[in-house]
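This report describes selected structural features of the protein shown below. The sequence and the model should be consulted alongside the text.

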Amino acid sequence: MFARRESLGQYVRLYPVTTAIILIQLLVMVAMEWYGSSKNSETLLRFGAMFGIPGFEPEPWRYVTAIFVHIGFQHLLFNSFALYVFAAPLERMLGSLRYAAFYLASGIAGNLASAWFHSDPFIGAGASGAIYGVYAAYLYLSVFRRDLIDYQTKQTVWTIVIIGFVYSFIIPNVDIYAHAGGFVGGLAVSALMTLFVKRRRRRESWDGPGAE
């Protein structure tokens, strides 16, 4: 599932939302570097990063914009690679519109958790919360839709999640709250989407042949 053998043209055609997300991230990074530096606090805040400062509340739009802002090229490349490899199959499973909504919801959940649980001043940015939401979706599907997730894919995702959370705890300046919030948000949204699909299918069966 995670072996990317598509040409660039095929990838863009098959995964338009994932492609757009990666492109937006890249353009934001270029703009930040042109303006100042993607590691500069003022630049990050100007381009929509999250923050926690006593006496100040982040504007609501930052919960979305921070998903596309990254702190340094290494941060951007790591998250873009994860999106390129791991997020693409989920777009095919959910469909582009549902996938886009899922991705944003997971990212927002991660930023909400970061804002709620940080007790010290911080500046946060990145797609990690949304990416952990993607991992959560695969784990949810591996339990409730085993016809969609094979055993090898399940093991791969579990390995990535475990290593990712261990990495989040031992490496400094990694926002564990955003990762955990995105993961929990991804599980919750996956459950809601599955419920919606089941209800829609049940309604279609009721209103199927013979209904007028």
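## Salt bridges

In this predicted model, Arg 62 and Glu 59 are joined through their side chains in a salt bridge, with an N to O distance of 2.5 Å. The two partners fall into separate accessibility classes: Arg 62 is buried, at a relative accessible area of 8%, whereas Glu 59 is partly exposed, at 30%.

The structure holds three salt bridges. Another of them links the side chains of Glu 6 and Arg 4, with 3.0 Å from N to O. Glu 6 has a relative accessibility of 18% and counts as buried. Arg 4, at 19%, is likewise buried. Since the class of buried residues is limited to those under 20% relative accessible area, the value of 18% places Glu 6 inside that class, and the value of 19% does so for Arg 4.

A further salt bridge is formed by Arg 46 and Glu 42, whose closest N and O atoms are 3.4 Å apart. Both residues belong to helix H3 (residues 41-46); because they are four residues apart there, about one helical turn separates them. Arg 46 counts as exposed, with 55% relative accessibility, and Glu 42 counts as partly exposed, with 48%.

## Aromatic pairs and cluster

How many aromatic pairs does the whole structure contain? A search finds 10. In one pair, the ring centres of Tyr 11 and Tyr 15 lie 4.8 Å apart and the ring planes meet at 65 degrees, so the arrangement is edge-to-face. The cut-off behind this assignment is an angle of over 60 degrees between the planes. Tyr 11 is buried, with a relative accessible area of 3%, and Tyr 15 is buried as well, with 5%.

One aromatic cluster is formed by Phe 86, Tyr 132, Tyr 135, Phe 165 and Phe 183.

## The largest nonpolar core

The largest nonpolar core comprises 35 residues, of which Leu 90, Tyr 99, Phe 102, Tyr 103 and Tyr 135 touch the most other members. At least two residues of this core come from each of helix H2 (16-35), helix H5 (73-94), helix H6 (96-117), H7, H8 and helix H9 (176-206). Helix H7 provides the largest share of the core, 10 residues. Tyr 135 thus appears in two settings: it belongs to the aromatic cluster, and it is among the core residues that touch the most other members.

## Helix H7

Why can helix H7 be described as largely enclosed by the rest of the structure? Of its 17 residues, 15 are buried, so the description follows from the count. The length of H7 (residues 128-144) also agrees with expectation: at 1.5 Å a residue, its 17 residues should span 24 Å, and its end C-alpha atoms are 24 Å apart. The expected span is taken as 1.5 Å times one less than the number of residues.

Two residues illustrate the setting of this helix. Ile 131 is found in H7 and is buried, with a relative accessible area of 5%. The C-alpha atom of Ile 131 lies 27 Å from that of Gly 36, and the two residues are 95 residues apart along the chain. Leu 139 also has its place in H7 and is buried, with a relative accessible area of 6%. Between the C-alpha atoms of Leu 139 and Ile 123, the separation is 30 Å, and these residues are 16 residues apart along the chain.

## Partly exposed Leu 23 and the nonpolar surface patch

Is Leu 23, in helix H2, buried or partly exposed? With 47% relative accessibility, Leu 23 counts as partly exposed. The C-alpha atoms of Leu 23 and Ser 80 are separated by 9.2 Å, the two residues being 57 residues apart along the chain.

On the surface, Trp 158, Ile 162, Val 166, Tyr 167, Phe 169, Ile 170 and Ile 171 make a nonpolar patch of about 730 Å². One of these residues, Ile 162, is located in helix H8 (residues 151-170). Helix H8 is also one of the helices that supply at least two residues each to the largest nonpolar core.

Terms used. Residues are numbered from 1 along each chain as its sequence is written. This is a predicted model: local features need pLDDT of at least 70, side-chain atom pairs count only at pLDDT 80 or more; totals for chains, interfaces and linings use all residues. Side-chain values use heavy atoms; hydrogens and water are left out. Patches are made of residues with over 30% relative accessible area and no salt bridge: like charges are joined within 9 Å, nonpolar side chains (Val, Leu, Ile, Met, Phe, Trp, Tyr) within 5 Å. Accessible areas come from the Shrake-Rupley method with a 1.4 Å probe; for residues, only the protein chains shown count as cover. A salt bridge is a side-chain nitrogen of Lys or Arg within 4 Å of a carboxyl oxygen of Asp or Glu. Rings of Phe, Tyr and Trp (its six-membered ring) pair if their centres lie within 6.5 Å; planes under 30 degrees apart count as stacked, over 60 as edge-to-face and the rest as tilted. Buried means under 20% relative accessible area, exposed over 50%, partly exposed in between (1.4 Å probe, protein chains only). A nonpolar core is a set of buried Ala, Val, Leu, Ile, Met, Phe, Trp, Tyr and Cys residues joined through side-chain atoms within 4.5 Å.
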